[in-house]
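This report walks through a few parts of one protein chain, beginning with a helix and ending with a sheet. Please keep the sequence and the 3D view at hand while reading.

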Amino acid sequence: MPHALVVDACRVALEQARSDIAGGGLADPEARAREMVRAIERSAGIRVVNATGVLLHTNLGRAPWSETATARAVRAASGYGNLEIDIETGQRGRRGAYVERLLTRLTGTEAAFVVNNNASGLLIALAATAGGRTVPVARGELIEIGGSYRLPDVMEASGARLVEVGTTNRTRVGDYMIALQTHRCGALLKVHPSNYRIEGFTHEASVADLAKLAAEHGVPLIYDIGSGLLDADAPWVPSWLSDEPGARQAIGDGADLVTFSGDKLLGGPQAGIIVGSEDLVGTIRRSPLARALRVDGVTYAALAATLEEHLGGPPTELPFWRHALVDDGALRSRCEQLAGQIDGVVTEGFSAVGAGSAPGIEIPSPQVRLAGRQDLYECLLRGDSPVLTRRDAGDLVIDLRAVEADDDAVVASAVRRCL
């Protein structure tokens with residue numbers, strides 16, 4: 001710990017001890033100071049074993065990086081690199097040119113641009129294409145996600161004016177047409193509701209129909225797919241992701257701009273990715289917001305390594321996809337071995353994608369359950385190697401889907417210590 005922070009903790013502990021003594025109580029300022037220092041040290045960043053069964057746990061940083069992405073990031077951070085220089089000519093180059101090449105190859109589009117998260121991607125796309133004008137959005141797509149992200153607020157910040165069309169559960173192409181005829185629109189916006197689902201008597205306008213309508217009225221169609229699935233038709237995509245839109249399919253259906261996250265189904269670093277036509281992406285690059293929202297060389301390095309994995313077969317070098325596609329038999333065998341070490345039982349359960357992706361999707365997974373022992377939850381977090389689990393009806397549930405096999409022993413040791 002930095003000496004200055006240790007001193008601060010000691011001073012606070014001494015003041016609290018004086019107050020306790022003045023009130024007639026007892027005090028142990030050294031023990032209190034050590035406890036405070038330990039809490040500060042752990043808040044600085046500590047590795048946590050994710051035994052919740054939530055593959056993309058927002059509170060744990062979403063998608064872990066692959067070993068290659070980590071190595072590339074370290075290399076980019078530890079020395080000078082060709083971030084904005086063309087090595088062939090010695091002249092200034094365009095930041096992220098290689099990543100853009102990968103993205104256009106993977107999504108089948110003309111151009112790409114990267115900013116620091118998907119909210120930024122949508123913000124700059126709206127500002128560059130529809131600032132000062134209206135943008136129709138279906139009422140059922142006015143999303144709000146964690147961290148106080150609300151679509152109407154983002155649109156207001158971009159300078160675009162929201163026009164709600166349709167109803168909560170049913171919106172037709174004609175609803176958008178009325179808005180285009182009534183208002184001075186700068187774009188059409190379609191948003192995939194990635195953290196909730198509307199079921200029952202529902203209808204939504206297709207991307208292809210909206211793209212045709214937008215072209216007829218000379219405005220772009222922006223599609224925020226959110227979760228970052230590159231190609232929904234890839235043979236290794238599991239069936240439980242069948243309802244997630246893919247970037248390649250969105251472009252193929254006629255969307256002019258598609259935005260999505262880098263740290264969800266893509267399996268890489270936090271980033272907002274924009275793909276689409278060259279003229280629109282060029283407008284975004286020239287936006288005054290582009291410099292404010294751009295990413296650094298470390299993010300580009302990790303993102304490049306992540307995208308390269310998607311160019312081959314199943315990207316199982318990426319932790320998210322390795323966990324998502326883990327062999328069920330192997331996972332069950334690990335659960336049985338762990339259960340035997342901690343006197344637990346293996347039960348049938350479900351894992352989740354998480355991070356506002358694939359709402360309502362349950363991934364069948366075996367789990368280890370300790371009946372009546374949810375009291376172990378806090379103890380497991382306080383260890384030198386914190387293990388985050390789940391509590392369910394008084395039981396402690398351990399899901400190994402998002403746990404690396406090498407960490408099974410860490411989980412077992414932590415549980416035995418708490419028991």
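## A mostly covered helix

Helix H5 is mostly covered, since ten of its 13 residues are buried. Those buried residues are Asn-118, Ser-120, Gly-121, Leu-122, Leu-123, Ile-124, Ala-125, Leu-126, Thr-129 and Ala-130. The model is a predicted one, and this should be kept in mind for every value in the report.

The length of H5, which covers residues 118-130, can be checked with a short calculation: at 1.5 Å a residue its 13 residues should span 18 Å, and because the C-alpha atoms at its ends are 18 Å apart, the two values agree. The expected span is found by multiplying 1.5 Å by one less than the number of residues.

## The two ends of H5

At the N-terminal end, H5 is capped by Asn-117, where a side-chain oxygen of this residue lies 3.3 Å from the backbone nitrogen of Ala-119. After H5 comes Gly-132, a residue with a positive phi, near 85°.

## Positive phi outside glycine

Which residue has a positive phi of about 60° although it is not a glycine? That residue is Asp-343, and it is found in the loop between helix H14 (328-342) and strand E11 (345-351). Its relative accessibility is 71%, and because a residue over 50% is called exposed, Asp-343 counts as exposed.

Ala-393 also is not a glycine and has a positive phi, of about 50°. The loop that holds Ala-393 runs between strand E14 (390-392) and strand E15 (395-398). Is Ala-393 buried or exposed? With 76% relative accessibility, Ala-393 counts as exposed, because this value lies over the cut-off of 50%.

## A sheet of four strands

The strands E11 and E14, each of which borders one of these loops, belong to an open sheet of four strands, whose order is E11-E12-E15-E14 and whose pairing is antiparallel. E11 and E14 are the edge strands, as each of them pairs on one side only, and the twist from one strand to the next averages 45°. In general, the strands of a sheet pair through backbone hydrogen bonds, and the pairing can be either parallel or antiparallel.

Between E14 and E15, which run antiparallel, there are three bridges, and Arg-390 stands opposite Val-397 in E15. Helix H14 packs on the sheet, where it touches E11, strand E12 (363-370) and E15, and the direction of H14 makes an angle of about 5° with that of E12.

Note on methods
Residues are numbered from 1 along each chain as its sequence is written. This is a predicted model: local features need pLDDT of at least 70, side-chain atom pairs count only at pLDDT 80 or more; totals for chains, interfaces and linings use all residues. Side-chain values use heavy atoms; hydrogens and water are left out. Helices (H or I, at least four residues) and strands (E, at least two) are DSSP runs, numbered from the N terminus. Buried means under 20% relative accessible area, exposed over 50%, partly exposed in between (1.4 Å probe, protein chains only). A polar contact is a pair of N or O atoms within 3.5 Å; within protein, one must be able to donate a hydrogen and the other to accept it, and residues adjacent in sequence count only if both atoms are side-chain atoms. Two strands pair if DSSP finds at least two bridges between them. Axes are lines fitted to C-alpha atoms, for helices over the stretch in contact, and angles run from 0 to 180 degrees between N-to-C directions. Contact means heavy atoms within 4.5 Å.
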